[in-house]
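Thank you all for coming. Please take a moment to look at the sequence and the structure before I begin.

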There are 2 protein chains.
Amino acid sequence: MKQKVAFQGEKGAYSEIVTMKYFSGEEIIPMRSFQDIFRDLESGIVDFAIIPVENSIEGSVNEVYDLLLKSNLWVYRETHKRISHCLIVNRNSDSVIKSVYSHPQALAQCRKYIQKRNLESIPTYDTAGAVKLIKDSRIMSAAAIASDRAAQLYDMQIVDYGIEDEKSNYTRFFILSKKQIKTQPTGHDATSIIFSINHLPGSLFNILGEFAKRDINLTRIESRPTKEKPWEYNFYVDIAGHSSDTIISEALELIEKKTNFFKILGSYSIESC
Amino acid sequence: MKQKVAFQGEKGAYSEIVTMKYFSGEEIIPMRSFQDIFRDLESGIVDFAIIPVENSIEGSVNEVYDLLLKSNLWVYRETHKRISHCLIVNRNSDSVIKSVYSHPQALAQCRKYIQKRNLESIPTYDTAGAVKLIKDSRIMSAAAIASDRAAQLYDMQIVDYGIEDEKSNYTRFFILSKKQIKTQPTGHDATSIIFSINHLPGSLFNILGEFAKRDINLTRIESRPTKEKPWEYNFYVDIAGHSSDTIISEALELIEKKTNFFKILGSYSIESC
């Protein structure tokens, strides 16, 4: 039986390109929102999901971080994809382009390009969805920002390639599963945790010390509001290495004892695609 | 001569309400984008600006953090405002509401409310701007999410109050100035810094140790991509206390020596409004 694999957006979205790379031959399902994906993955309707967690220019995808906190899902793998945006218009149109439709993150990644051309930015829920929208509504005075695959799929015209402000534009994706799939260390692994601590001088320092004294490299630290109480935070920390390494499992055990809330999102390999 | 004070958005925006509280009698100027405000403040066209930096539910305003990094402006004061959203429609309309217009942060803060009513979210560049839009375009099948002041200003009808998902919904605003205005400690102060460090085990721990060993409370830590190199970060750290306190100035001096990049955004009092 084919496995069901979900991604957010329309066909042609960057997430779909990543999904096809890892799950070709499986049933690939586009979904409208991250919330829908997390719900269907938790209830077992789908088996895996490909979710963007961070972009090298725009930073974290906040909504995903909040959903990871509340759900009981596992990070099975991480993969990085270079993002290159195209400016896409309807075929056989000679209208002047006045506005541009895309996902807010893509608009932000092309901010300088859009300003230089004095275009109005119109946010949509998805990059490929923006292409579909200007096609279906025959909007001739607007362009969409999306992948070249989206332009091909909807038979639209690419007028400009590589329009992102910074060429080193990468997105980190997590492959999520409901079941905890035991991964083996590959030599290029990371472990992600979430925790909250008391609001005291030195409390975060005290936690990070467990990593520092074992020479464990902290690759990322992010704080997100707890939402229950203003200006209280959950910390999202990524470290280099796999939890099957006793040095890492020892540090995590000690940290769990020092925190009010503690959760491991997974130990997984990091790849590029 | 009146001072010129800028905020982002249309009249009736939450930022305007804060601006009027601190600068009544001065010339208050609505501006379309944060980028415009930072440019005009740096070039001396305006004297002050009121800028939202963080919401207690949605987290940091990423674009503002990126602009603070690149600009040479000073944080003169911080103020917290409780945010309460209204659902606003055109007067004398009996159409069924199918969609809702507002700033992406406001839409995110009312996510549950919007889902329960099965409304389509349409992002706009400003909350009060959404009210103006559905009025000017006479859109009867849509509502806007904004302040009660925005409803009054545009003579629109409020159909629901307090529609935010969490009642403890606060926004932190910075009052920014071009000139460095020497502030006096008030007993309720904070100091904000930005720094970058080498990607080595223990390097962040080593920095935070300078605060921990002096019992200085770290109130916030945030990382943002440097944009030059993928997965390298600048750290934004807020600590409790004023830099005129020798313990704090000593810690900052030592930290400056350990970092690749170091910048003080300001030492300022924290208030509520």
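Leaving aside its neighbours within four places in sequence, which residues is Ala49(B) in contact with? Contact here is meant in the sense that the C-beta atoms of two residues, placed from the backbone, lie within 7 Å. Ala49(B) touches Val5(B), Ala6(B), Phe7(B), Ile37(B), Leu41(B) and Leu176(B), once those sequence neighbours are set aside.

Before going further, I should say that this is a predicted model, in which local features need pLDDT of at least 70 and side-chain atom pairs count only at pLDDT 80 or more, while totals for chains, interfaces and linings use all residues. Residues are numbered from 1 along each chain as its sequence is written, and chains are lettered from A and ligands numbered from 1 in the order in which they are written.

Ala49(B) also belongs to the largest nonpolar core, which has 144 residues, and the members that touch the most others are Ala49, Ile88 and Val131 of chain A together with Ala49(B), Ile88(B) and Val131(B). By such a core I mean a set of buried Ala, Val, Leu, Ile, Met, Phe, Trp, Tyr and Cys residues joined through C-beta atoms within 7 Å. A residue counts as buried if 20 or more other C-beta atoms lie within 10 Å of its own, again with C-beta atoms placed from the backbone.

Val131(B) leads us to helix α6 of chain B, residues 127-136, where eight of the ten residues are buried, among them Val131(B) and Leu133(B). Helices here are DSSP runs of H or I with at least four residues, strands are runs of E with at least two, and both are numbered from the N terminus. The cover over the buried part of α6(B) includes α1, β6, β7, α4, β9 and α7 of chain B. Just after this helix, Arg138(B) takes a positive phi of about 50°.

Turning to the two chains together, a turn of 180° with a shift of 0.0 Å along the axis lays chain B on chain A with an RMSD of 0.0 Å, which is the relation of a two-fold axis. The superposition is by least squares on the C-alpha atoms of residues with pLDDT of at least 70 in both copies. Within chain B, the residue that comes closest to the rotation axis is Glu222(B), at 2.8 Å by its C-alpha. Because 100% of the interface residues of chain B are also interface residues in chain A, the copies meet through the same surface.

Notes:
Buried ≥ 20, exposed ≤ 12 C-beta atoms within 10 Å, placed from the backbone.
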